[in-house]
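Me: I've got a model open and I'd like to learn how to read it. Can you walk me through some features, general idea before the case at hand?

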Amino acid sequence: MDKFITAFQSKGRQRTAIGSLMFVLITSLFLTASAPSSPDFQIGVPLDQALVYNGGESANPRDYDPATTYSSGDKLVFSGLVMLDQNLNIRPDLAETWEVSGGGTIYTFKIRENARFHNGREVTAQDVAFSWERAASPELASDTVLTYLADIVGVREKALGQAESISGVKVIDDKTLQVTIDAPKPYFLMKLTFPTSYVVDEENVSAGEEWVRQPNGTGPYKLTEWRSNEYIVYTANSDFYLGAPSIPYVVVKIYAGDDVRLFETGDIDVAGVGLYDVQRMLNPAEPMSRNLVTGVNLCTSYVVFDATVPPFDDVNVRKAFSMAFDRQRYVDVLYRGVALPAVGLYPPGLPGFDYGLQGLPYDPAQARELLKQSKYGGPEGLPEITYTNSGIGSYIGGTVAALAEMWQTNLGVTIKVENLDYNFYYEQIFSGNHGQIFDGGWCADYPDPENFADVLFHTGVPQNHGGYSNPELDALLEAARIEPDVTKRIAMYQEAERTIVNDAPVLFTTHSLSYELVQPYVKGYVFTPITIPLERYMWLDGK
């Protein structure tokens, strides 16, 4: 989903995005600028037995709660009924087995007998039910629960304060949970891989908002020490129900400096490679190039137009702003050619990606004509336009500056920029506290086009921050939800993408590429375009 940096997810290997991809770039610049020049870490674990990353942390406790995080969550500490494996296939996790009945609407999960919380207490079906009831409670006010759990009968009513409990969740016995969804949907289990559905301990979460610093999770690692601005230590869970991890410790150094420099000096084991270092790492003469791992993320960056307010309530204005954008120049100059131009919603590698999609072309003359044809009659008739960005003070990043310059040059439109505190950026966006244009972006939570088209652009869904609405698109997406034929279903989502592109509710900018450095003694590392708890599959050899 919209990805937000947290202490663990900001490590080099993670594809988080969690805010938009633009947000990650800006935040990364800030974190690097804030880093101490020569950190001196005194970490009480043997680092030759630890997988070490560099990362950051958030000042917002909600970023660490699986029910409220905007990121891919801490999958070392927490887990759910099912998971994605290294090949992005659905696999059993806390649930050992499940049966589907009722024409595809009733799921009966069997919880593993050996599944335990980190404190040794057995995980029961009641724990899952409690976790989902908590996530859907109006008091918690999760912005993600309707996106990932609303297929379950009664979740919407619970979240809206219209019901005391989720009617579609029934505890049969200590190890059996029955879940009823509103229609047969082939992607339902995939949604349960997102943190909103993860299991938490009722006693633990009742200890106050600081519980996230001492979480009693169920995952492959325990969070054993967290020193703000210094480091976080995770210790292997020897009682993990899928087998104890081979790596005894995972350490995240916080604000330690530039990833590549730290990797070069041996201070960290896996590093993300920023834009300014990619060409160096791609050069075969560079010694570290042999450590480079590359891949295409399932991510799309875009800029959102608020379709509910002037001037972007007019489709001609939205199209004009899109066609005044020189996508190739944007990629070549700002990304140094190490990103892919995005003409549509789906990233390469996602089922439904359409190689023949044309998109809206860069055509300044046609853009000016569309603006003239709009109800605003041209640039002189437009209201003041504010671009909301995550940032600090009055700083304007290169991406925003580039967009503003293109719109000024090609349309004669001047943009006002406002920055919001990056710790709380998405809370403000969900609350509607933003200008007519704002940064957006999406990375796949599961490999299905529903996770993009339906989750982002159906009328009224929580992630449709620009308020875009097209009844014909809604009908198409609703039909695709329950289409059992895979070929027909993919064709429906491709048609949906063409409709979205033509209506221009957002300006698509880039699909990101991943460049990571991995030390040779780190074994079992594979690139995954969606974040999974890869550490439990890895081992160290000769560190």
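**A loop and the helix after it**

Reply: Let's start at a loop: aspartate 448 sits between β17 (437–443) and α14 (450–457). Helices (H or I, at least four residues) and strands (E, at least two) are DSSP runs, numbered from the N terminus. Keep in mind that this is a predicted model, where local features need pLDDT of at least 70 and side-chain atom pairs count only at pLDDT 80 or more, while totals for chains, interfaces and linings use all residues. Residues are numbered from 1 along each chain as its sequence is written, and side-chain values use heavy atoms, with hydrogens and water left out.

Me: Is aspartate 448 buried or exposed?

Reply: First the yardstick: buried means under 20% relative accessible area, exposed over 50%, and partly exposed in between (1.4 Å probe, protein chains only). Aspartate 448 has 7% relative accessibility, so it counts as buried. Its C-alpha atom is 8.6 Å from that of methionine 190, although the two are 258 residues apart along the chain.

Me: How many residues of α14 are buried?

Reply: That's 8 of the 8, so α14 is largely enclosed by the rest of the structure. Among the buried ones are Glu450 and Asp454, along with Phe452 and Phe457.

Me: Let's zoom out. How many helices and strands does the chain have?

Reply: There are 16 helices and 20 strands. The radius of gyration, taken over C-alpha atoms, can be held against the globule rule, which is 2.2 Å times the number of residues to the power 0.38. Here the radius is 23 Å, close to the 24 Å from the rule for 543 residues, so the chain is as compact as a globular protein of that length. Along the principal axes, the C-alpha atoms fill a box of roughly 70 × 60 × 40 Å. As for burial, 62% of the 543 residues count as buried.

Me: What about the surface and the charges?

Reply: Accessible areas come from the Shrake-Rupley method with a 1.4 Å probe; for residues, only the protein chains shown count as cover. The chain's accessible surface comes to about 20400 Å², and 49% of that belongs to carbon and sulfur atoms. For charges, Lys and Arg count as positive and Asp and Glu as negative, leaving out His and the chain ends. Each charge is placed at NZ of Lys, CZ of Arg, CG of Asp or CD of Glu. With 41 positive and 68 negative charges, the two mean positions are 3 Å apart.

Me: Now sheets, please. What holds the strands together?

Reply: Strands of a sheet pair through backbone hydrogen bonds, either parallel or antiparallel. The test used here is that DSSP finds at least two bridges between two strands. One open sheet of 4 strands runs β1-β10-β9-β8 with mixed pairing. Its edge strands, β1 (50–55) and β8 (221–227), each pair on one side only.

Me: Where does the mixture come from?

Reply: Go pair by pair. β1 and β10 are parallel over 6 bridges, with tyrosine 53 opposite valine 252 in β10. β9 and β10 are antiparallel over 5 bridges, and threonine 235 has tyrosine 249 as its bridge partner in β10. β8 and β9 (residues 231–236) are antiparallel too, joined by 6 bridges; there, leucine 223 partners tyrosine 234 in β9.

Me: Which side chains of β10 are buried on each face?

Reply: In a regular strand the side chains alternate between the two faces of the sheet. In β10, Tyr249, Val251 and Lys253 are buried on one side, and Val250, Val252 and Ile254 on the other. That fits the tally for β10 (residues 249–254), where 6 of its 6 residues are buried.

Me: Which backbone oddities should I look up?

Reply: Check phi and omega. Tyrosine 255, in the loop between β10 and α7 (259–264), has a positive phi of about 55 degrees although it is not a glycine; its relative accessible area is 14%, so it is buried. Alanine 141 also has a positive phi of about 55 degrees, but this residue is partly exposed at 42%. Finally, a cis peptide bond with omega about 0 degrees joins proline 310 and proline 311, and proline 311 lies in the loop between β13 (299–305) and α9 (315–323).
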